[in-house]
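The following exercises are to be worked through with the sequence and the model open side by side. Each task is followed by a solution in steps.

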Amino acid sequence: MILDKLCAYWRIMRMDRPIGLMLLIWPTLWSLIIASEGKPKLSILVIFIVGAILMRSAGCVINDLADRKIDGYVKRTRDRPIPSGLVSTVEAIFLFFLLSIFSFFLIVNTMNALTVKLSFIGIILVCVYPFMKRFTHLSQLFLGLTFSWSIPMAWAAETNELSMMVWYIFTINFFWTVAYDTQYAMVDRDDDLKVGVKSTAILFAHFDRMIVGGLQLIIMIMLIMLGIFYEFVSYFYWILFIIGVLFIFQQRLIKDRKRENCFKAFLNNNYVGISIMMALLIAFHN
C-alpha cells in the first residue's frame with residue numbers, strides 16, 4: 001500500500017517521464033556555461049540541478065491539480081494519479097507546497113540576494129501557468145516564460161548581475177519552448193477541442209508547422225549571431241548544423257500531424273538542448 005502510494009507520488013511529479021526535466025535543465029546549463037565562460041562553479045551547478053528537479057516536480061503537481069477535472073477526458077492523461085484516484089486533491093496540494101518550500105529554502109540558504117528575488121517571480125510563474133490554458137490560446141508562451149526563468153536565476157547566481165546577454169539567451173529558449181510545446185499540444189489537439197482547453201496548436205491551426213518552422217529558423221539565426229558575438233571556433237557551427245538537421249527531422253515528423261509523430265518530434269528536442277550545451281562547452285574550451 002505504501003509502495004503504491006509512493007509510486008503514485010513519483011508519477012504525479014513526472015519522475016517516470018524525465019523529458020520535461022531535461023528541457024528545463026539544458027537552458028539552465030546554457031546560462032551557467034555562458035555566464036562563467038565555460039567554467040561554472042560546481043556548487044551552483046549542483047544546486048540548480050536539484051532545484052530544477054524540485055520545481056519541475058512542483059510544476060507537474062500543480063498542473064495536475066489544475067487539470068484534475070479535464071485529464072480524465074484526454075487520451076494521454078486519463079491514467080494520471082489524480083483522475084485515476086491514486087492521489088487525492090489534498091495530498092497533491094500538500095506535495096506541491098512541500099516541494100516548493102524545499103526549493104525555496106535551497107535557494108535562500110545558498111544563493112545571493114538577486115537570485116533569491118528572482119526566485120519569487122519563478123514560483124509565481126509556476127503557479128500561474130497551469131491555469132492559462134483556460135483563458136488563452138497562448139498558454140505555450142507562458143510556459144516559455146516559466147521554463148526560461150531559470151536562465152536569469154542561474155546567471156545571477158554565477159555573476160550577481162543581469163547583463164543584456166542573459167535576456168538574449170532567455171529569448172532563444174522562449175522561442176524554443178513555444179516551438180516544442182506547440183508540437184506537444186498538437187498531440188492533444190483533438191481532445192483539447194472537445195473539452196475546451198486552449199493551445200497554440202489550436203490557434204495556429206493549419207499554420208502550425210509553418211510557425212514552428214519559423215521559430216526554429218529564428219533560433220538558428222540567434223545561435224549563429226551568438227557564435228559571432230563570442231567569436232566561437234568552427235566546432236560550434238558544426239554542432240549548429242546538427243541542430244538544424246534535428247529541426248528538419250522534426251518538421252518531417254509533424255508533416256501529417258499524426259499524434260504519435262508529433263510526440264516523437266517533441267521528444268527529439270532533448271537532443272537539441274544537449275547539442276546546444278555541448279556546442280557552448282566546446283566553444284568556450286577551444
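A residue counts as buried when its relative accessible area is under 20%, as exposed when the value is over 50%, and as partly exposed in between. The model used here is predicted.

**Exercise 1. Determine how many residues of helix α6 (residues 139-148) are buried, and state what covers them.**

Step 1. Apply the cut-off of under 20% to the helix. Seven of the ten residues of α6 are buried, and the helix is thus mostly covered.

Step 2. Name the buried positions. They are Ser-139, Gln-140, Leu-143, Gly-144, Thr-146, Phe-147 and Ser-148.

Step 3. Identify the cover. The elements over the buried residues of α6 include α2, α5 (113-132), α7 (150-159), α8 and α9 (200-204).

**Exercise 2. Describe the overall fold of the protein by its secondary structure, its dimensions and its surface.**

Step 1. Count the elements. The protein has twelve helices and zero strands, and the order from the N terminus is α-α-α-α-α-α-α-α-α-α-α-α.

Step 2. Compare the radius of gyration with the globule rule. The protein has a radius of gyration of 19 Å, close to the 19 Å that the rule gives for 286 residues, so it is as compact as a globular protein of that length.

Step 3. Add the extent of the chain. The C-alpha trace spans about 55 × 50 × 35 Å along its principal axes.

Step 4. Consider burial and surface. Of the 286 residues, 52% are buried. The exposed area is about 13700 Å², and carbon and sulfur atoms supply 70% of it.

Step 5. Consider the contacts. Among contacts with a separation of 6 or more, 76% are between residues 24 or more positions apart.

**Exercise 3. Characterise the packing of helix α1 (residues 2-12) against helix α4 (residues 89-108).**

Step 1. Recall the description required. Two packed helices are described by the angle and the distance between their axes.

Step 2. Give both values. The axes of α1 and α4 come within 12 Å and cross at roughly 60 degrees. The crossing of α1 and α4 is right-handed.

Step 3. List the residues that meet. Helix α1 contributes Lys-5, Tyr-9 and Ile-12, while α4 contributes Glu-91, Ala-92 and Leu-95.

Step 4. Sort the contact by class. The contact of α1 with α4 has four nonpolar, two charged and no polar residues.

**Exercise 4. Which non-glycine residues in the loops α2 to α3 and α11 to α12 have a positive phi, and are they buried or exposed?**

Step 1. Examine the loop between α2 (19-35) and α3 (42-66), where Glu-37 is found. Glu-37 is not a glycine, yet its phi is positive, at about 55 degrees.

Step 2. Examine the loop between α11 (234-253) and α12 (259-284), which holds Arg-257. Arg-257 has a positive phi of about 60 degrees, although it is not a glycine.

Step 3. Assign the accessibility. Glu-37 is exposed, with a relative accessible area of 53%. Arg-257 counts as partly exposed at 32%.

**Exercise 5. Locate Gln-183, Leu-65 and Ala-283, classify their burial, and list their contacts beyond four places in sequence.**

Step 1. Take Gln-183, in helix α8 (residues 164-195). Its relative accessible area is 1%, and Gln-183 is therefore buried. Gln-183 touches Val-212, Gln-216, Gln-250, Ile-254, Cys-262, Ala-265, Phe-266 and Asn-269.

Step 2. Take Leu-65, in helix α3. Leu-65 is buried at 9% relative accessible area, and its contacts are Ile-82, Thr-89, Ala-92 and Ile-93. Leu-65 and Phe-102 are 37 residues apart in sequence and 19 Å apart in space, C-alpha to C-alpha.

Step 3. Take Ala-283, in helix α12. Ala-283 counts as buried at 5% relative accessibility, and it is in contact with Phe-232 and Phe-236. From Ala-283 to Tyr-230 the separation is 53 residues in sequence and 9.0 Å in space, C-alpha to C-alpha.

**Exercise 6. Is Gly-244 buried or exposed, and how far apart are Gly-244 and Leu-217 in space?**

Step 1. Place the residue. Gly-244 is found in helix α11.

Step 2. Apply the cut-off. With a relative accessible area of 17%, Gly-244 is buried, because the limit for buried is under 20%.

Step 3. Read the distance. Gly-244 and Leu-217, 27 residues apart in sequence, are 8.5 Å apart in space, C-alpha to C-alpha.

Key. Residues are numbered from 1 along each chain as its sequence is written. This is a predicted model: local features need pLDDT of at least 70, side-chain atom pairs count only at pLDDT 80 or more; totals for chains, interfaces and linings use all residues. Side-chain values use heavy atoms; hydrogens and water are left out. Axes are lines fitted to C-alpha atoms, for helices over the stretch in contact, and angles run from 0 to 180 degrees between N-to-C directions. Helices (H or I, at least four residues) and strands (E, at least two) are DSSP runs, numbered from the N terminus. A crossing is left-handed if the near helix is turned anticlockwise from the far one by less than a right angle, and right-handed if clockwise. Contact means heavy atoms within 4.5 Å. Ala, Val, Leu, Ile, Met, Phe, Trp, Tyr, Cys and Pro count as nonpolar, Asp, Glu, Lys and Arg as charged, and the others, Gly among them, as polar. The radius of gyration is taken over C-alpha atoms; the globule rule is 2.2 Å times the number of residues to the power 0.38. Buried means under 20% relative accessible area, exposed over 50%, partly exposed in between (1.4 Å probe, protein chains only). Accessible areas come from the Shrake-Rupley method with a 1.4 Å probe; for residues, only the protein chains shown count as cover.
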